[in-house]
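Trainee: I'm new to this one. Can you walk me through it?
Mentor: Sure, here it is.

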Amino acid sequence: MQTSATLDLAHTRPRPVHWLATAAAMAAVVAAAGLLQPEAATASQTAPGAGPVKAAAAAAPDASSAVYPLDCHGEKPAVVKQGSGDLDGDGRPEAVAVVRCASGIGTPPSGVFVLTGPASRVVATLVDPADGLGISDFAVSAGVVSATLLGYSSPDVPRCCPDRQEKVKWQWKGGKFARTVLPDARSM
């Protein structure tokens, strides 16, 4: 008996059962990878002259779960930037969030809010959204909140293109957040 010049490779043709088996195997690998994540990295900072924050210290408030004094016409405000650190030197971290209403077009004004406690309670408003300002270069570091405030010189300036900026910082002094305008900033 002579064999055919073409071999019958029926077992190499994919059938639905092969695709299902492959999909199930891939799903198992993805699920296992999701369960075997490394622990989240944590960072802490201390006030100048203070000792290190203990590992058992509370975590910074969750900016996404806070209720902000911002009317977004029934929609939840969007947290666009956030940072955390011990701003008042009490050994517990506060969170600072840049928040604005979601918008399909344009850039709506932003607010900057300080949050504290496990309930993510707003305890200070550094920039009120009613002021109509945008926020850039936002950072929280060594107990200082810094940002560049973007504004408009008149109502005739298109809302896409702020023509004024002011570099500022806030620091806890005398029981409240004191705002300082940084040098070389254009006045608003």
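Mentor: A term to begin with: helices (H or I, at least four residues) and strands (E, at least two) are DSSP runs, numbered from the N terminus. Residues are numbered from 1 along each chain as its sequence is written, and side-chain values use heavy atoms, with hydrogens and water left out. This is a predicted model, where local features need pLDDT of at least 70, side-chain atom pairs count only at pLDDT 80 or more, and totals for chains, interfaces and linings use all residues.

Trainee: OK. How many helices and strands does the chain have?
Mentor: One helix and eight strands. From the N terminus on, the elements run α-β-β-β-β-β-β-β-β.

Trainee: How much of the chain counts as buried?
Mentor: Of its 188 residues, 28% do. Buried means under 20% relative accessible area, exposed over 50%, and partly exposed in between (1.4 Å probe, protein chains only).

Trainee: And contacts between residues far along the sequence?
Mentor: Contact means heavy atoms within 4.5 Å. Among contacts between residues at least 6 apart in sequence, 34% join residues at least 24 apart.

Trainee: Now the sheets. What is the order of the sheet that has strand 1 in it?
Mentor: That open sheet of four strands has the order 1-2-3-4, with antiparallel pairing. Its edge strands are strand 1 (78-85) and strand 4 (121-127), and each pairs on one side only. Neighbouring strands there are turned by 25° against each other on average, direction ignored. Axes are lines fitted to C-alpha atoms, for helices over the stretch in contact, and angles run from 0 to 180 degrees between N-to-C directions.

Trainee: What counts as pairing?
Mentor: Two strands pair if DSSP finds at least two bridges between them. Strands of a sheet pair through backbone hydrogen bonds, either parallel or antiparallel.

Trainee: How many bridges join strand 2 to strand 3?
Mentor: Six, between residues 94-100 and residues 110-116, and the two strands run antiparallel. Val-99 stands opposite Gly-111 in strand 3.

Trainee: And strand 3 to strand 4?
Mentor: Five bridges, again antiparallel. Val-114 has Ala-124 in strand 4 as its bridge partner.

Trainee: Is strand 3 mostly covered or mostly open?
Mentor: Mostly covered: seven of its seven residues are buried. In a regular strand the side chains alternate between the two faces of the sheet. Here Ser-110, Val-112, Val-114 and Thr-116 point one way, Gly-111, Phe-113 and Leu-115 the other way, and all are buried.

Trainee: What about the hairpin after it?
Mentor: The hairpin of strand 3 and strand 4 has four residues between the strands, and Gly-117 takes a positive phi near 75° there. Ser-120 lies in that loop too. Its phi is near 55°, a positive value in a residue other than glycine.

Trainee: Why does Ser-120 count as buried?
Mentor: Because its relative accessible area is 3%.

Trainee: Where is His-73?
Mentor: In the loop between helix 1 (16-35) and strand 1. His-73 is not a glycine, yet has a positive phi of about 55°. His-73 counts as exposed because its relative accessibility is 71%.

Trainee: Next sheet. What order does the one with strand 5 have?
Mentor: It is an open sheet of four strands in the order 5-6-7-8, with antiparallel pairing. Strand 5 (134-141) and strand 8 (176-181) are the edge strands, each pairing on one side only. The average turn between neighbouring strands is 20°, direction ignored.

Trainee: How many bridges between strand 6 and strand 7?
Mentor: Eight, in the antiparallel sense. Thr-148 stands opposite Lys-167 in strand 7.

Trainee: What sits in the loop between those two?
Mentor: Cys-161, for one: the loop runs between strand 6 (144-151) and strand 7 (164-173). Cys-161 is partly exposed, because its relative accessible area is 41%. The C-alpha atoms of Cys-161 and Thr-107 are separated by 9.6 Å, with the two residues 54 apart along the chain.

Trainee: Last topic, pockets. Which residues are closest to the centre of the second largest pocket?
Mentor: The pocket has a volume of about 190 Å³. Of its 14 lining residues, Thr-107, Pro-108, Gly-134, Tyr-152 and Arg-159 are the closest to its centre.

Trainee: How is a pocket defined?
Mentor: On a 1 Å grid over the protein atoms alone, a pocket is an open set of points where a 1.4 Å probe fits, with protein on both sides within 12 Å along at least five of seven lines; lining residues have an atom within 4 Å of a point. Grid points are joined across faces, edges and corners, and the volume is the space filled by probe spheres set on the points.
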